[in-house]
Amino acid sequence: MTDILDDLAWRGLITQSTDLDELRAMLASGPVTLYCGFDPTAPSLHVGSLMQLLTLRRFQQAGHRTIGLVGGATGLIGDPSGKSAERTLNSEEVVAGWVERIRKQVSRFLDLTEDRGLIVSNLDWTGPMSAIEFLRDIGKHFPVNRMLARETVKSRLDTTGMSYTEFSYVLLQSMDFLELYRRYGCRLQTGGSDQWGNLTAGADLIRRVEGGSAHALTTPLVTRADGTKFGKTAGGETYWLDPELTSPYAFYQFWLNADDRDVVTYLKYFSFRSHEEIEELEKATSERPAARAAQRAIAEELTTLVHGAEETQRVIAASRALFGQGDLGELDERTLASALAEVPSTTVSGPLPPVVDLLAATGLVGSKSEARRTVTQGGAYVNNAKVTDEAAVPDQGDLLHGRFLVLRRGKRNIGGVTVASE
C-alpha cells in the first residue's frame with residue numbers, strides 16, 4: 001500500500017471528501033473496493049473522462065480494488081448535474097451499443113484480473129426491478145425537501161425546469177453505490193466535484209439501509225487558463241478517446257499545444273510521472289518554455305496510454321516530418337491524412353495549380369501576391385523542399401500516397417493539399 005491520499009493531495013486531485021481522516025485509516029487497513037461511474041451519453045468517452053479513469057488507476061496501483069461502472073440504466077435517464085436543460089433521451093438500442101463501446105474503453109485503463117478490478121453495468125440490477133420495488137425500497141429514503149434543496153435542482157427549477165426523470169437520477173446513482181456495497185463490499189465512490197451531491201447521497205443511503213460506513217471523494221473540474229473549455233476545440237468540438245472520432249494525431253496535438261500556464265497542472269492531474277519528474281518539467285517550463293518539454297512529455301505519455309506505443313511513434317514521426325525534421329515519404333497514409341486534417345487545407349481536382357495558388361487557397365497567405373513574396377524570400381516549401389520559382393507547379397510525382405501535398409510557410413505554418421479522386 002502506498003499513501004494514495006498524499007499523492008492525490010499533492011497533485012491537487014482532492015476537492016471534497018466525506019471524512020479524509022477516516023478514509024485514510026480505512027485505506028491503510030487493507031485493500032478497499034471503490035468505484036466510479038461512466039454514463040453512455042455518447043459513443044465514446046472524452047479527454048475529460050481521463051480524470052476519473054486515471055484516478056481509479058492510481059487507487060489500483062496503490063493496491064486497492066476498482067470497479068468501473070458503465071451506466072446502462074442511468075444512461076437512459078440523463079444526469080442533470082452541470083446541465084442547464086433537459087437531455088435528449090436516446091433509444092435503448094443506441095444506449096446498449098454505447099455501453100459496450102465504453103465498457104471496452106474503461107477496461108483498457110484497469111487491471112481486470114481476479115481481485116484487482118471489474119466492469120459492471122447498473123442495468124443488471126436496475127432492469128429487473130419494478131417501479132413499486134424502486135419506490136418502496138429506495139424512494140422512501142429520500143426526503144423531497146432535501147432533494148429540492150440540492151443546487152442542481154434549485155438552479156434548474158428557477159430556469160428551464162426539470163422532469164421527474166432527471167429529478168430521480170440521484171436515486172438511481174445512490175442505489176448503484178448501495179448495490180455495489182452489498183455485492184462487492186464497495187466503500188468508496190469517486191467522481192468530479194459536480195457529482196458531490198450524488199456521491200454523498202449514495203453514502204447516506206448505505207448508512208440508512210445497511211447501517212454501513214461509506215465514503216465519497218471528488219476531483220476538481222479541469223479548466224483552462226485562457227477561459228476556454230477543457231477538452232474542446234476552438235470550434236467547440238470534443239476530443240474523444242475513440243481514434244475513429246478523434247485521430248491519435250489530433251489527440252497528441254491537443255496535449256502538445258497545452259498552454260504553459262496549464263501544462264504543469266495537467267501533468268499532476270493526468271501523468272503517472274513521479275513528483276520529482278514533474279517538478280523538473282515544471283522548472284524546464286519556467287526556464288525554457290520554447291522547448292515545450294512538459295507538453296511533449298504529457299502528449300507522449302497520454303497518447304501512449306490511450307492509443308498505444310506504436311501509434312504514438314507514428315504520430316510523433318508525423319509531427320516532426322511536417323516541420324521538416326523527418327521524411328514525409330515514410331509516413332503511412334492514414335497518419336498523414338489525420339495530420340493534414342488538423343491544418344489549413346484545400347482540395348483540388350484536375351491539373352495541379354501553381355504553388356502560389358495553393359498557398360493562397362490553403363490560407364497560409366492572404367493573397368497570391370503575398371504568396372509570391374513568400375517564395376522570393378525563401379519561405380515557401382512543398383513536401384519540405386524549398387520552392388524558389390514563383391511559377392513553380394507541383395508534379396504528379398510529388399504527391400504523397402498519390403493524393404497529398406504538404407505546404408509550409410516559414411518554420412511553423414503548415415497547410416495541406418488533397419487531390420480529389422476522379
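The protein has 19 helices and 11 strands, where helices (H or I, at least four residues) and strands (E, at least two) are DSSP runs numbered from the N terminus. This is a predicted model, in which local features need pLDDT of at least 70 and side-chain atom pairs count only at pLDDT 80 or more, while totals for chains, interfaces and linings use all residues. Residues are numbered from 1 along each chain as its sequence is written, and side-chain values use heavy atoms, with hydrogens and water left out.

Taken along the principal axes, the C-alpha atoms fill a box of roughly 80 × 45 × 40 Å. Of the 422 residues, 49% count as buried, a word that means under 20% relative accessible area, with exposed meaning over 50% and partly exposed in between (1.4 Å probe, protein chains only). Among the contacts with a separation of 6 or more, 74% are made by residues 24 or more positions apart; contact means heavy atoms within 4.5 Å.

The strands are described here by the sheets they form, and two strands pair if DSSP finds at least two bridges between them.

| Sheet order | Strands | Edge strands |
|---|---|---|
| S1-S6-S5-S2-S3-S4 | 6 strands, open, mixed pairing | S1 (16–17) and S4 (117–121) |
| S7-S11-S10-S8-S9 | 5 strands, open, mixed pairing | S7 (345–348) and S9 (385–386) |

In the sheet of 6 strands, S1 and S6 (residues 215–219) run antiparallel and are joined by 2 bridges, and glutamine 16 stands opposite threonine 218 in S6. Helix H10 (residues 169–184) packs on this sheet, where it touches S2 (33–38), S3 (65–70), S4, S5 (186–192) and S6, and its direction makes about 145° with that of S5. Helix H11 (residues 196–210) also packs on the sheet, touching S1, S5 and S6, with a direction at about 165° to that of S6. Axes are lines fitted to C-alpha atoms, for helices over the stretch in contact, and angles run from 0 to 180 degrees between N-to-C directions.

In the sheet of 5 strands, S8 (residues 380–382) and S9 pair in the antiparallel sense over 2 bridges, and the bridge partner of valine 382 is alanine 385 in S9.

Another packing involves two helices. The axes of H13 (residues 260–270) and H15 (residues 293–307) come within 9 Å and cross at roughly 40°. The residues that meet are Asp260, Val263, Tyr266, Leu267 and Phe270 in H13 and Ala294, Gln295, Ile298 and Leu302 in H15. By class, this contact has 7 nonpolar, 1 polar and 1 charged residues, where Ala, Val, Leu, Ile, Met, Phe, Trp, Tyr, Cys and Pro count as nonpolar, Asp, Glu, Lys and Arg as charged, and the others, Gly among them, as polar.

Alanine 293 lies in helix H15 and is partly exposed, with a relative accessible area of 31%. Leaving aside neighbours within four places in sequence, alanine 293 is in contact with Leu281 and Ala284.

A search of the whole structure finds 0 disulfides, a disulfide being a pair of cysteine sulfur atoms within 2.5 Å. For cysteine 36 the closest cysteine sulfur is that of cysteine 186, and because the two are 10 Å apart, they are too far for a bond. Both residues count as buried, cysteine 36 at 2% relative accessibility and cysteine 186 at 0%.
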